[in-house]
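Here is a short report on one structure. Please look over the sequence and the model first.

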Amino acid sequence: MKRFLFNLFIAAGFSLLFALAEWGVTGETAFSQWALDFAVLLLLTFFRGWQMLLALWIILETIQLSFFSYFRRFADATDMKLFFSHISETLESLFALLHLFLTPFAMGIAGLSALFLIRRLPCVRWRDSRWKKGAVFSFFLLIMFNMNPAFRLGVSLVQALLPVKETGTATTDIPSFHAPLHEANLSIFLVIGESLPCSSFVLERFREAGMPARCIVSGATNTDVSVPLLLCGIDDPRHLKEAKSANLFYLASQNGMKTVFISMQSPKALQYINPYLCRGCLDTYVATPRTKLPPDYDDKLVGYLKSGTDRPVFMVMQMIGEHSPYIYFPGPKSDNPAQNYKKAVDYTVSVLERMLHVLRERKRPWLFLFTSDHGEFSGEKGRFGHNTFDPRIYRVPMILASNVALPEAIGEIACHRDLYRLIRTMMGYEKAYRPHGGPCIVNGTMQDRQDGFIEVPRG
(Lines give C-alpha, C1' and ligand atoms only; values in the text may rest on other atoms or scores of the structure.)
Protein backbone atom coordinates (compact mmCIF):
# COMPACT_ATOMS: atom_id res chain seq x y z
CA MET A 1 0.00 0.00 0.00
CA LYS A 2 2.86 2.38 0.86
CA ARG A 3 4.46 1.79 -2.51
CA PHE A 4 1.21 2.42 -4.35
CA LEU A 5 0.69 5.70 -2.48
CA PHE A 6 4.29 6.70 -3.18
CA ASN A 7 3.89 5.95 -6.88
CA LEU A 8 0.55 7.77 -6.90
CA PHE A 9 2.25 10.84 -5.44
CA ILE A 10 5.07 10.70 -8.02
CA ALA A 11 2.64 10.33 -10.95
CA ALA A 12 0.38 13.12 -9.74
CA GLY A 13 3.28 15.51 -9.09
CA PHE A 14 5.08 15.08 -12.41
CA SER A 15 1.92 14.98 -14.52
CA LEU A 16 0.82 18.22 -12.81
CA LEU A 17 4.26 19.73 -13.52
CA PHE A 18 3.95 18.84 -17.21
CA ALA A 19 0.39 20.19 -17.36
CA LEU A 20 1.37 23.51 -15.77
CA ALA A 21 4.36 23.90 -18.10
CA GLU A 22 2.23 23.16 -21.18
CA TRP A 23 -0.40 25.62 -19.99
CA GLY A 24 2.26 28.28 -19.36
CA VAL A 25 3.72 27.88 -22.86
CA THR A 26 0.72 27.02 -25.05
CA GLY A 27 -2.00 28.72 -23.01
CA GLU A 28 -4.07 25.54 -22.87
CA THR A 29 -3.94 22.00 -21.56
CA ALA A 30 -6.40 19.16 -22.04
CA PHE A 31 -7.71 17.12 -19.12
CA SER A 32 -7.52 14.01 -21.28
CA GLN A 33 -3.81 14.65 -21.89
CA TRP A 34 -3.16 15.15 -18.18
CA ALA A 35 -5.09 11.97 -17.35
CA LEU A 36 -3.09 9.98 -19.90
CA ASP A 37 0.20 11.36 -18.58
CA PHE A 38 -0.88 10.52 -15.04
CA ALA A 39 -1.87 6.96 -15.95
CA VAL A 40 1.37 6.27 -17.84
CA LEU A 41 3.51 7.80 -15.09
CA LEU A 42 1.72 5.74 -12.45
CA LEU A 43 2.41 2.50 -14.28
CA LEU A 44 5.90 3.63 -15.21
CA THR A 45 6.91 3.93 -11.57
CA PHE A 46 6.50 0.14 -11.21
CA PHE A 47 9.05 -0.43 -13.97
CA ARG A 48 12.75 -0.98 -13.26
CA GLY A 49 14.69 2.02 -14.55
CA TRP A 50 11.65 4.31 -14.43
CA GLN A 51 13.84 7.18 -13.17
CA MET A 52 15.89 7.14 -16.36
CA LEU A 53 12.78 7.02 -18.55
CA LEU A 54 11.21 9.86 -16.59
CA ALA A 55 14.40 11.93 -16.94
CA LEU A 56 14.27 11.37 -20.70
CA TRP A 57 10.61 12.42 -20.67
CA ILE A 58 11.47 15.64 -18.80
CA ILE A 59 14.28 16.49 -21.24
CA LEU A 60 12.11 15.86 -24.31
CA GLU A 61 9.28 17.89 -22.79
CA THR A 62 11.66 20.78 -22.10
CA ILE A 63 13.00 20.80 -25.66
CA GLN A 64 9.56 20.51 -27.22
CA LEU A 65 8.04 23.31 -25.13
CA SER A 66 11.10 25.50 -25.82
CA PHE A 67 10.54 24.96 -29.54
CA PHE A 68 6.88 25.89 -29.13
CA SER A 69 7.85 29.03 -27.20
CA TYR A 70 9.71 30.28 -30.28
CA PHE A 71 7.72 28.94 -33.24
CA ARG A 72 4.27 28.48 -31.61
CA ARG A 73 4.13 24.96 -33.03
CA PHE A 74 5.61 21.60 -32.10
CA ALA A 75 8.71 20.24 -33.81
CA ASP A 76 8.59 17.67 -36.59
CA ALA A 77 11.22 15.52 -38.29
CA THR A 78 12.34 18.33 -40.60
CA ASP A 79 12.91 20.61 -37.62
CA MET A 80 15.12 17.96 -36.04
CA LYS A 81 17.26 17.71 -39.19
CA LEU A 82 17.60 21.48 -39.34
CA PHE A 83 18.54 21.61 -35.67
CA PHE A 84 21.47 19.25 -36.08
CA SER A 85 22.63 20.82 -39.36
CA HIS A 86 22.36 24.42 -38.05
CA ILE A 87 23.15 23.88 -34.40
CA SER A 88 25.46 26.90 -34.04
CA GLU A 89 22.80 29.31 -35.40
CA THR A 90 20.18 27.66 -33.19
CA LEU A 91 22.27 28.08 -30.05
CA GLU A 92 23.08 31.68 -30.99
CA SER A 93 19.37 32.51 -31.13
CA LEU A 94 18.71 30.48 -27.99
CA PHE A 95 21.16 32.39 -25.82
CA ALA A 96 20.17 35.77 -27.22
CA LEU A 97 16.44 35.16 -26.67
CA LEU A 98 16.75 33.16 -23.47
CA HIS A 99 13.85 34.92 -21.77
CA LEU A 100 11.43 33.31 -24.24
CA PHE A 101 12.24 29.89 -22.80
CA LEU A 102 11.99 30.58 -19.08
CA THR A 103 8.89 28.45 -18.51
CA PRO A 104 10.11 25.23 -20.16
CA PHE A 105 13.59 25.65 -18.67
CA ALA A 106 12.10 26.16 -15.21
CA MET A 107 10.00 23.02 -15.66
CA GLY A 108 13.02 21.02 -16.79
CA ILE A 109 15.21 22.16 -13.91
CA ALA A 110 12.44 21.60 -11.35
CA GLY A 111 11.62 18.16 -12.75
CA LEU A 112 15.21 16.90 -12.90
CA SER A 113 15.99 18.33 -9.45
CA ALA A 114 12.94 16.64 -7.94
CA LEU A 115 13.86 13.38 -9.64
CA PHE A 116 17.39 13.58 -8.25
CA LEU A 117 16.05 14.04 -4.71
CA ILE A 118 13.50 11.24 -5.14
CA ARG A 119 16.22 8.80 -6.25
CA ARG A 120 17.89 9.23 -2.85
CA LEU A 121 14.80 8.03 -0.98
CA PRO A 122 14.99 4.46 0.37
CA CYS A 123 11.57 3.55 -1.00
CA VAL A 124 12.67 3.82 -4.64
CA ARG A 125 14.82 0.75 -4.08
CA TRP A 126 11.72 -1.43 -3.63
CA ARG A 127 11.71 -4.43 -5.92
CA ASP A 128 9.62 -4.28 -9.06
CA SER A 129 6.20 -5.88 -9.00
CA ARG A 130 4.14 -7.80 -11.53
CA TRP A 131 3.06 -4.46 -13.01
CA LYS A 132 6.33 -4.24 -14.96
CA LYS A 133 4.97 -5.58 -18.25
CA GLY A 134 1.93 -3.34 -18.05
CA ALA A 135 4.14 -0.32 -17.48
CA VAL A 136 6.28 -1.11 -20.52
CA PHE A 137 3.19 -1.63 -22.64
CA SER A 138 1.59 1.64 -21.53
CA PHE A 139 4.85 3.56 -22.06
CA PHE A 140 5.13 2.48 -25.67
CA LEU A 141 1.38 2.86 -26.13
CA LEU A 142 1.80 6.56 -25.40
CA ILE A 143 4.53 6.76 -28.04
CA MET A 144 2.34 4.94 -30.54
CA PHE A 145 -0.58 7.31 -30.04
CA ASN A 146 1.87 10.21 -30.29
CA MET A 147 -0.26 12.43 -28.04
CA ASN A 148 2.22 13.85 -25.54
CA PRO A 149 4.44 16.74 -26.74
CA ALA A 150 7.55 15.07 -25.37
CA PHE A 151 6.92 11.85 -27.24
CA ARG A 152 5.97 13.72 -30.39
CA LEU A 153 9.53 14.99 -30.28
CA GLY A 154 10.82 11.47 -29.71
CA VAL A 155 8.92 10.22 -32.75
CA SER A 156 10.22 13.19 -34.77
CA LEU A 157 13.78 12.31 -33.81
CA VAL A 158 13.27 8.79 -35.11
CA GLN A 159 11.59 10.04 -38.28
CA ALA A 160 14.50 12.43 -38.88
CA LEU A 161 16.73 9.38 -39.31
CA LEU A 162 14.40 7.81 -41.87
CA PRO A 163 13.75 8.86 -45.48
CA VAL A 164 10.58 10.91 -45.91
CA LYS A 165 8.43 10.66 -49.00
CA GLU A 166 8.09 13.81 -51.05
CA THR A 167 4.80 15.65 -50.85
CA GLY A 168 3.34 16.13 -54.32
CA THR A 169 5.16 16.39 -57.63
CA ALA A 170 6.23 19.21 -59.83
CA THR A 171 8.19 19.59 -63.03
CA THR A 172 11.30 21.70 -63.26
CA ASP A 173 12.19 23.47 -66.46
CA ILE A 174 15.94 24.08 -66.26
CA PRO A 175 16.79 27.06 -68.46
CA SER A 176 18.93 25.86 -71.35
CA PHE A 177 22.31 27.42 -72.00
CA HIS A 178 23.04 29.12 -75.26
CA ALA A 179 25.56 31.72 -76.32
CA PRO A 180 24.66 35.29 -75.33
CA LEU A 181 22.80 37.24 -78.00
CA HIS A 182 24.89 40.33 -77.36
CA GLU A 183 27.59 41.58 -75.02
CA ALA A 184 26.56 42.66 -71.56
CA ASN A 185 26.10 46.41 -71.60
CA LEU A 186 25.28 47.15 -67.96
CA SER A 187 26.30 46.18 -64.44
CA ILE A 188 23.78 44.24 -62.36
CA PHE A 189 23.68 44.45 -58.56
CA LEU A 190 21.51 41.87 -56.81
CA VAL A 191 21.09 42.42 -53.07
CA ILE A 192 19.57 39.53 -51.12
CA GLY A 193 18.10 40.51 -47.77
CA GLU A 194 17.77 38.17 -44.81
CA SER A 195 14.49 37.24 -43.10
CA LEU A 196 12.57 40.27 -44.35
CA PRO A 197 8.83 39.73 -44.98
CA CYS A 198 6.62 41.82 -47.22
CA SER A 199 4.67 43.16 -44.26
CA SER A 200 2.84 46.47 -44.09
CA PHE A 201 5.51 47.80 -41.72
CA VAL A 202 8.35 46.93 -44.12
CA LEU A 203 6.53 48.33 -47.16
CA GLU A 204 5.80 51.55 -45.28
CA ARG A 205 9.43 51.98 -44.28
CA PHE A 206 10.54 51.54 -47.90
CA ARG A 207 7.89 53.98 -49.09
CA GLU A 208 8.97 56.59 -46.55
CA ALA A 209 12.56 56.23 -47.78
CA GLY A 210 11.53 56.82 -51.38
CA MET A 211 12.09 53.21 -52.42
CA PRO A 212 8.68 51.80 -53.37
CA ALA A 213 8.64 48.03 -52.98
CA ARG A 214 6.09 45.40 -53.87
CA CYS A 215 5.50 41.82 -52.83
CA ILE A 216 6.71 38.75 -54.69
CA VAL A 217 6.95 35.07 -53.74
CA SER A 218 10.20 33.51 -52.55
CA GLY A 219 11.32 30.14 -53.85
CA ALA A 220 11.61 28.57 -50.39
CA THR A 221 11.09 29.10 -46.68
CA ASN A 222 14.76 29.22 -45.72
CA THR A 223 18.06 30.56 -47.05
CA ASP A 224 19.73 27.27 -47.94
CA VAL A 225 17.10 26.52 -50.57
CA SER A 226 15.90 29.98 -51.57
CA VAL A 227 19.24 31.51 -52.60
CA PRO A 228 20.45 28.62 -54.81
CA LEU A 229 17.04 28.46 -56.53
CA LEU A 230 17.14 32.20 -57.21
CA LEU A 231 20.63 31.98 -58.70
CA CYS A 232 19.76 28.99 -60.91
CA GLY A 233 16.22 29.96 -61.94
CA ILE A 234 14.52 26.66 -61.13
CA ASP A 235 11.67 25.49 -58.91
CA ASP A 236 12.90 22.12 -57.66
CA PRO A 237 16.02 22.06 -55.44
CA ARG A 238 16.66 18.41 -56.32
CA HIS A 239 17.84 19.60 -59.76
CA LEU A 240 20.32 22.19 -58.52
CA LYS A 241 23.34 20.08 -59.47
CA GLU A 242 22.05 19.81 -63.03
CA ALA A 243 21.52 23.56 -63.34
CA LYS A 244 25.14 24.75 -63.42
CA SER A 245 24.79 26.11 -66.96
CA ALA A 246 21.77 28.14 -65.82
CA ASN A 247 23.60 29.66 -62.83
CA LEU A 248 23.70 33.46 -63.07
CA PHE A 249 27.39 33.57 -62.14
CA TYR A 250 28.16 31.12 -64.94
CA LEU A 251 26.11 33.12 -67.44
CA ALA A 252 27.76 36.36 -66.38
CA SER A 253 31.26 34.94 -66.69
CA GLN A 254 30.49 33.46 -70.12
CA ASN A 255 29.48 36.92 -71.30
CA GLY A 256 32.60 38.64 -70.06
CA MET A 257 31.16 40.18 -66.90
CA LYS A 258 33.11 40.44 -63.70
CA THR A 259 31.50 38.20 -61.08
CA VAL A 260 31.38 39.02 -57.37
CA PHE A 261 29.70 37.37 -54.39
CA ILE A 262 29.90 39.15 -51.05
CA SER A 263 28.12 37.87 -47.97
CA MET A 264 27.84 39.43 -44.55
CA GLN A 265 27.10 35.95 -43.23
CA SER A 266 29.74 33.55 -41.93
CA PRO A 267 31.43 30.84 -44.01
CA LYS A 268 29.72 28.24 -41.82
CA ALA A 269 26.32 29.74 -42.52
CA LEU A 270 27.07 29.49 -46.25
CA GLN A 271 28.01 25.81 -46.24
CA TYR A 272 24.77 24.73 -47.96
CA ILE A 273 24.84 27.59 -50.47
CA ASN A 274 28.49 27.37 -51.52
CA PRO A 275 28.08 24.29 -53.77
CA TYR A 276 25.68 26.30 -55.97
CA LEU A 277 27.64 29.54 -56.26
CA CYS A 278 29.72 28.32 -59.21
CA ARG A 279 32.87 29.19 -57.26
CA GLY A 280 35.00 28.53 -60.32
CA CYS A 281 33.13 31.32 -62.12
CA LEU A 282 33.66 33.90 -59.36
CA ASP A 283 36.29 36.59 -59.62
CA THR A 284 35.64 37.68 -56.03
CA TYR A 285 34.21 35.74 -53.09
CA VAL A 286 33.89 37.26 -49.62
CA ALA A 287 32.28 35.84 -46.46
CA THR A 288 32.30 37.49 -43.04
CA PRO A 289 33.63 35.76 -39.90
CA ARG A 290 31.36 36.22 -36.88
CA THR A 291 34.33 36.29 -34.48
CA LYS A 292 35.51 39.76 -35.45
CA LEU A 293 34.99 42.48 -32.81
CA PRO A 294 33.47 44.90 -33.42
CA PRO A 295 31.48 42.90 -35.98
CA ASP A 296 30.93 43.99 -39.56
CA TYR A 297 27.40 45.09 -40.38
CA ASP A 298 25.61 45.44 -43.70
CA ASP A 299 26.78 49.00 -44.30
CA LYS A 300 30.16 47.53 -45.27
CA LEU A 301 28.49 46.42 -48.51
CA VAL A 302 28.17 50.04 -49.61
CA GLY A 303 31.95 50.27 -49.97
CA TYR A 304 32.01 47.44 -52.51
CA LEU A 305 29.68 49.43 -54.77
CA LYS A 306 32.16 52.27 -54.89
CA SER A 307 34.89 50.13 -56.42
CA GLY A 308 35.11 50.76 -60.14
CA THR A 309 35.66 48.27 -62.95
CA ASP A 310 36.44 48.58 -66.61
CA ARG A 311 33.79 46.02 -67.57
CA PRO A 312 30.21 45.25 -66.57
CA VAL A 313 29.90 43.44 -63.24
CA PHE A 314 27.38 41.00 -61.85
CA MET A 315 27.54 41.44 -58.10
CA VAL A 316 25.45 39.53 -55.55
CA MET A 317 25.48 40.95 -52.02
CA GLN A 318 23.93 38.89 -49.25
CA MET A 319 22.93 40.82 -46.15
CA ILE A 320 22.68 39.50 -42.61
CA GLY A 321 19.88 42.00 -41.97
CA GLU A 322 17.09 40.65 -39.81
CA HIS A 323 18.70 37.27 -39.11
CA SER A 324 17.81 35.85 -35.70
CA PRO A 325 18.49 36.92 -32.96
CA TYR A 326 17.96 40.39 -34.54
CA ILE A 327 21.14 42.05 -33.26
CA TYR A 328 22.98 42.82 -36.49
CA PHE A 329 22.79 46.58 -36.44
CA PRO A 330 24.99 49.22 -34.78
CA GLY A 331 23.93 50.88 -31.56
CA PRO A 332 22.22 49.68 -28.37
CA LYS A 333 20.04 46.58 -28.40
CA SER A 334 16.76 46.12 -26.54
CA ASP A 335 15.66 43.21 -24.37
CA ASN A 336 12.57 43.05 -26.56
CA PRO A 337 13.29 40.97 -29.73
CA ALA A 338 10.38 42.57 -31.61
CA GLN A 339 11.88 46.01 -30.96
CA ASN A 340 15.28 44.82 -32.13
CA TYR A 341 13.71 43.47 -35.29
CA LYS A 342 12.18 46.86 -36.11
CA LYS A 343 15.54 48.52 -35.54
CA ALA A 344 17.14 45.98 -37.86
CA VAL A 345 14.55 46.80 -40.54
CA ASP A 346 15.27 50.52 -40.17
CA TYR A 347 18.97 49.81 -40.51
CA THR A 348 18.43 47.69 -43.64
CA VAL A 349 16.41 50.49 -45.22
CA SER A 350 19.17 52.99 -44.48
CA VAL A 351 21.81 50.71 -46.03
CA LEU A 352 19.77 50.27 -49.21
CA GLU A 353 19.29 54.06 -49.38
CA ARG A 354 23.05 54.51 -49.29
CA MET A 355 23.55 51.85 -51.94
CA LEU A 356 21.18 53.58 -54.33
CA HIS A 357 22.80 56.94 -53.61
CA VAL A 358 26.18 55.51 -54.68
CA LEU A 359 24.75 53.89 -57.80
CA ARG A 360 22.94 57.03 -58.93
CA GLU A 361 26.29 58.77 -59.14
CA ARG A 362 27.55 56.20 -61.63
CA LYS A 363 27.59 57.24 -65.28
CA ARG A 364 27.74 53.71 -66.69
CA PRO A 365 24.49 51.69 -67.07
CA TRP A 366 23.40 49.74 -64.00
CA LEU A 367 20.48 47.71 -62.67
CA PHE A 368 19.78 47.35 -58.95
CA LEU A 369 17.54 44.62 -57.57
CA PHE A 370 16.69 43.87 -53.97
CA THR A 371 14.66 41.01 -52.56
CA SER A 372 14.77 38.84 -49.46
CA ASP A 373 15.49 35.14 -49.20
CA HIS A 374 12.36 34.59 -47.07
CA GLY A 375 10.25 36.31 -44.45
CA GLU A 376 10.14 36.01 -40.69
CA PHE A 377 7.81 35.97 -37.71
CA SER A 378 9.17 38.55 -35.29
CA GLY A 379 6.78 38.31 -32.36
CA GLU A 380 3.39 38.35 -34.11
CA LYS A 381 1.08 36.36 -31.80
CA GLY A 382 4.17 35.17 -29.96
CA ARG A 383 5.72 33.56 -33.03
CA PHE A 384 9.33 33.83 -34.16
CA GLY A 385 11.42 32.28 -36.90
CA HIS A 386 10.52 30.95 -40.36
CA ASN A 387 10.72 27.46 -41.95
CA THR A 388 6.98 27.17 -42.44
CA PHE A 389 4.55 27.53 -45.37
CA ASP A 390 2.93 30.79 -44.35
CA PRO A 391 2.42 34.00 -46.41
CA ARG A 392 4.44 35.88 -43.79
CA ILE A 393 7.38 33.64 -44.72
CA TYR A 394 7.15 33.23 -48.49
CA ARG A 395 5.97 36.74 -49.42
CA VAL A 396 9.01 39.03 -49.66
CA PRO A 397 9.65 42.60 -50.86
CA MET A 398 11.24 43.51 -54.19
CA ILE A 399 12.85 46.80 -55.25
CA LEU A 400 13.99 47.63 -58.80
CA ALA A 401 16.01 50.66 -59.84
CA SER A 402 18.10 51.47 -62.90
CA ASN A 403 19.49 54.29 -64.99
CA VAL A 404 18.39 52.55 -68.21
CA ALA A 405 14.97 51.69 -69.59
CA LEU A 406 13.55 48.41 -68.30
CA PRO A 407 11.15 46.00 -70.03
CA GLU A 408 7.45 46.81 -69.60
CA ALA A 409 6.80 43.27 -68.41
CA ILE A 410 8.64 43.85 -65.12
CA GLY A 411 5.23 44.71 -63.71
CA GLU A 412 4.38 41.00 -64.07
CA ILE A 413 7.20 39.79 -61.83
CA ALA A 414 5.54 37.58 -59.24
CA CYS A 415 8.30 35.40 -57.79
CA HIS A 416 12.04 34.82 -57.53
CA ARG A 417 12.06 32.78 -60.71
CA ASP A 418 10.64 35.74 -62.65
CA LEU A 419 13.40 37.89 -61.15
CA TYR A 420 15.98 35.38 -62.38
CA ARG A 421 14.55 35.66 -65.91
CA LEU A 422 14.83 39.42 -65.81
CA ILE A 423 18.51 39.23 -64.81
CA ARG A 424 19.19 36.64 -67.50
CA THR A 425 17.53 38.88 -70.09
CA MET A 426 19.47 41.97 -69.00
CA MET A 427 22.70 39.97 -69.22
CA GLY A 428 22.05 39.49 -72.92
CA TYR A 429 20.73 35.93 -73.07
CA GLU A 430 17.14 36.60 -74.16
CA LYS A 431 15.61 38.80 -76.85
CA ALA A 432 12.83 40.04 -74.58
CA TYR A 433 11.83 39.56 -70.98
CA ARG A 434 8.78 37.52 -70.14
CA PRO A 435 7.77 35.83 -66.84
CA HIS A 436 7.72 32.05 -66.75
CA GLY A 437 3.95 31.91 -66.13
CA GLY A 438 2.01 29.42 -64.04
CA PRO A 439 1.78 29.37 -60.25
CA CYS A 440 4.72 30.24 -58.04
CA ILE A 441 6.39 27.27 -56.35
CA VAL A 442 7.47 27.60 -52.72
CA ASN A 443 9.76 24.87 -51.41
CA GLY A 444 10.34 23.94 -47.81
CA THR A 445 13.60 23.92 -45.90
CA MET A 446 15.36 20.85 -47.30
CA GLN A 447 17.40 20.76 -50.50
CA ASP A 448 16.28 17.17 -51.04
CA ARG A 449 12.65 18.38 -50.86
CA GLN A 450 11.72 15.95 -48.11
CA ASP A 451 9.38 18.51 -46.56
CA GLY A 452 7.55 19.17 -49.84
CA PHE A 453 6.41 22.35 -51.53
CA ILE A 454 3.28 24.39 -52.19
CA GLU A 455 1.88 26.27 -55.19
CA VAL A 456 0.95 29.93 -54.76
CA PRO A 457 -1.21 31.67 -57.40
CA ARG A 458 0.43 34.57 -59.22
CA GLY A 459 -0.62 38.08 -58.38
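Phe-83 is partly exposed, with a relative accessible area of 31%. Here buried means under 20% relative accessible area, exposed means over 50%, and partly exposed lies in between (1.4 Å probe, protein chains only). This is a predicted model, where local features need pLDDT of at least 70, side-chain atom pairs count only at pLDDT 80 or more, and totals for chains, interfaces and linings use all residues. Residues are numbered from 1 along each chain as its sequence is written, and side-chain values use heavy atoms, with hydrogens and water left out.

## A nonpolar patch

Phe-83 sits in helix α4. Helices (H or I, at least four residues) and strands (E, at least two) are DSSP runs, numbered from the N terminus. Phe-83 also helps to make a nonpolar surface patch of about 560 Å². The other members are Phe-84, Ile-87, Leu-91, Phe-95 and Leu-98. Patches are made of residues with over 30% relative accessible area and no salt bridge; like charges are joined within 9 Å, and nonpolar side chains (Val, Leu, Ile, Met, Phe, Trp, Tyr) within 5 Å. The areas come from the Shrake-Rupley method with a 1.4 Å probe; for residues, only the protein chains shown count as cover.

Which helix gives the largest share of the nonpolar patch? The answer is α5, with 3 residues. Both α4 (77-85) and α5 (87-96) supply at least two residues each.

## Helix α3

Helix α3 covers residues 50-71, 22 residues in total. From first C-alpha to last, α3 reaches 31 Å, close to the 32 Å expected at 1.5 Å a residue. That expected span is 1.5 Å times one less than the number of residues. Is α3 largely enclosed or exposed? Of its 22 residues, 18 are buried, so α3 is largely enclosed by the rest of the structure. Arg-72 follows α3 and has a positive phi, near 60°.

## Salt bridges

Side chains of opposite charge can pair when their charged atoms come close. A salt bridge is a side-chain nitrogen of Lys or Arg within 4 Å of a carboxyl oxygen of Asp or Glu. How many salt bridges does the structure hold? There are 12. The table shows some of them.

| Salt bridge | N to O distance |
|---|---|
| Arg-205 and Glu-208 | 3.0 Å |
| Asp-236 and Arg-238 | 2.6 Å |
| Arg-424 and Glu-430 | 2.7 Å |

Arg-205 and Glu-208 are 3 residues apart in helix α9 (residues 200-208), so about one helical turn separates them. Asp-236 is buried, at 0% relative accessibility. Its partner Arg-238 is partly exposed, at 36%. Arg-424 is buried, with a relative accessible area of 4%. Glu-430 is partly exposed, at 25%. Salt bridges that share partners also join Arg-205, Glu-208 and Asp-346 into one network.

## Aromatic rings

A pair of aromatic rings is described by the distance of the centres and the angle of the planes. Rings of Phe, Tyr and Trp (its six-membered ring) pair if their centres lie within 6.5 Å; planes under 30 degrees apart count as stacked, over 60 as edge-to-face and the rest as tilted. By this rule the count is 17 aromatic pairs. In one, the ring centres of Phe-249 and Phe-261 are 6.3 Å apart and the planes stand at 85°, so the pair is edge-to-face. Phe-249 lies in helix α11 (residues 248-254) and Phe-261 in strand β3 (residues 258-263), so this pair ties together parts that are 12 residues apart in sequence. Phe-249 and Phe-261 are both buried.

Ring pairs also link a cluster, whose members include Phe-67, Tyr-70, Phe-71 and Tyr-326.

Charges meet rings too. A charge sits over a ring if NZ of Lys or CZ of Arg is within 6 Å of the ring centre and within 35 degrees of the ring normal. Arg-279 lies over the face of Tyr-285, 3.6 Å from the ring centre. The charged end of Arg-449 sits over the ring of Phe-453, 3.9 Å from its centre.

## Backbone details in loops

Ser-324 and Pro-325 are joined by a cis peptide bond, with omega about 10°. Pro-325 lies in the loop between β5 (313-318) and α13 (337-359). Tyr-326 is found in the loop between β5 and α13. Tyr-326 has a positive phi of about 65° although it is not a glycine. Tyr-326 is buried, at 0% relative accessible area.

Cys-278 is not a glycine, yet its phi is positive, about 55°. Cys-278 lies in the loop between β3 and β4 (284-286) and is buried, with a relative accessible area of 11%.
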